[in-house]
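Please look over the following briefing alongside the sequence and the coordinates. It is arranged by topic.

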Amino acid sequence: MKKDKFLKQGERLDELHRNGYVIIQDPKRFCFGMDAVLLSGFAKAKRGDHVLDLGTGTGIIPILMEAKTQAEYFTALEIQKDSVDMARRSVYLNHLEKKIKVVEGDIKEASALFHASCFDVVVSNPPYMTKQHGLTNKELPKTIARHEILCTLEDVIREGAKVLKPNGHFFLVHRPFRLPEIFAVMQKYRIEPKRMKLVHPFVEKEPNMVLLEGIKDGKPRLTVEKPLIIFREKDVYTEEIYKIYGY
C-alpha cells in the first residue's frame, strides 16, 4: 500500500517506532508533543479493557497504547473535524480499524455520547492553560489544543468520571502549577488520586509536567513515583526517555 497517497496538502507521515506504526500530522495545525508520548507510557490497560481517550487530536495516544498494552478496544473522541479526519486515516494506515474507533464530538458531551460506566480506562492530554494563562496562538487548532477554549479541566474530569466503570482508572498529563486544582476536581467527581510522577527537563530543574493516575471510588492513598528526567545533558535524552519512545 502506497501510504503517501493518503496524505493531503501540507501533511506528513511520521514513524512512531512501535510495531511499524505511523501517524499523519500537519505542522501548520498541531503536532503531538512529548507529553502525549509520556502519557502513553504511564497509562496502564489490561487485557480486555476498553479505553477512552478524551481529546485525542490526531490519535497519537490510542495508537501508541494499542502497541504498548493488551487493551481490547480504544475509542478516541475529538471535536476538530480536520484532526478527526487525520486520526481516522492514521488508524486505517496502521490497519487498526478493528481496535480503534475515532468519534467526532465534544468532550463536554462525552457522557451523552457514550453509556455511563462503560469504560475501564479513560486517558486525556487536555489543554493546560486557562484563557488567562500565556499567549494564545493565532492558529485556532493550536489554540484549542493548548488553551481551555472548548473545554475546561473540570469538563474533562467530570465526563471522564461519568463514563468510567467503578474502580476504573483515569490517566492525565498536565502542568504541576495546577496540581491543587486537579486534585480538588478529581475528588469532587469521586476520582481518587492514586499515583503521580513528576517530569523534569533536567535533574536540577523544577518539573514542567505531571503524570497522574486516579481510580473511581478508590480509597485515599497517593504514591509519588521516582521523577522522570527528560535530558541527561543538552540535546541528549535519558535512557528512560529513549525506552518510552521505543528507540
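The points below go from the overall fold to the cores, a pocket, a few local contacts and two backbone angles.

This is a predicted model, in which local features need pLDDT of at least 70 and side-chain atom pairs count only at pLDDT 80 or more, while totals for chains, interfaces and linings use all residues. Residues are numbered from 1 along each chain as its sequence is written, and side-chain values use heavy atoms, with hydrogens and water left out.

**Overall fold**

- The protein chain has eight helices and 13 strands, where helices (H or I, at least four residues) and strands (E, at least two) are DSSP runs numbered from the N terminus.
- Of its 247 residues, 51% count as buried; buried means under 20% relative accessible area, exposed means over 50%, and partly exposed lies in between, with a 1.4 Å probe and protein chains only.
- Among contacts in the protein chain with a separation of 6 or more, 69% are between residues 24 or more positions apart, a contact being heavy atoms within 4.5 Å.

**Nonpolar cores**

- The largest nonpolar core holds 38 residues, of which Leu38, Val51, Met65 and Val123 touch the most other members; such a core is a set of buried Ala, Val, Leu, Ile, Met, Phe, Trp, Tyr and Cys residues joined through side-chain atoms within 4.5 Å.
- Helix 1 gives the most to this core, with six residues.
- A second, separate core of 26 residues includes Leu153, Ala161, Leu179 and Met196.
- Leaving aside residues up to four places away in sequence, Val51 touches Ala45, Met65, Ala71, Tyr73, Phe74, Thr75, Phe119, Val121 and Val123.
- As general background, nonpolar side chains tend to be buried together in soluble globular proteins.

**Second largest pocket and Lys197**

- The second largest pocket has a volume of about 190 Å³. On a 1 Å grid over the protein atoms alone, a pocket is an open set of points where a 1.4 Å probe fits, with protein on both sides within 12 Å along at least five of seven lines, and lining residues have an atom within 4 Å of a point. Grid points are joined across faces, edges and corners, and the volume is the space filled by probe spheres set on the points.
- Its lining consists of Leu38, Gly41, Phe42, Arg195, Lys197, Leu211, Glu225, Leu228, Glu240, Lys243 and Ile244, and the elements that give two or more residues to this lining are helix 1 (34-42), strand 8 (191-200) and helix 8 (239-245).
- By class, the lining has five nonpolar, one polar and five charged residues, where Ala, Val, Leu, Ile, Met, Phe, Trp, Tyr, Cys and Pro count as nonpolar, Asp, Glu, Lys and Arg as charged, and the others, Gly among them, as polar.
- Lys197, found in strand 8, counts as buried because its relative accessibility is 11%.
- A polar atom of the Lys197 side chain lies 2.8 Å from the backbone oxygen of Lys226, and the residues that Lys197 touches beyond four places in sequence include Phe42, Leu211, Glu225, Leu228 and Glu240.

**Helix 6 and Ser111**

- Helix 6 (residues 153-163) is mostly covered, with nine of its 11 residues buried; among them are Glu159, Ala161 and Val163.
- Ser111 lies in helix 4 (residues 110-113) and is partly exposed, at 27% relative accessibility.
- The side chains of Ser111 and Glu159 make a polar contact (2.7 Å), the term denoting a pair of N or O atoms within 3.5 Å of which, within protein, one must be able to donate a hydrogen and the other to accept it, and residues adjacent in sequence count only if both atoms are side-chain atoms.
- Beyond four places in sequence, Ser111 touches Glu159, Lys162 and Val163.

**Arg89**

- Arg89 is found in helix 3 (residues 81-93) and is buried, at 12% relative accessibility.
- The side chain of Arg89 makes a polar contact with the side chain of Glu11 (2.8 Å).

**Positive phi angles**

- Most residues other than glycine have a negative phi.
- His17 has a positive phi of about 60° although it is not a glycine; His17 is found in the loop between strand 1 (12-15) and strand 2 (22-25) and is partly exposed, with a relative accessible area of 42%.
- Arg190, in the loop between helix 7 (179-188) and strand 8, has a positive phi near 65° and is partly exposed at 49%.
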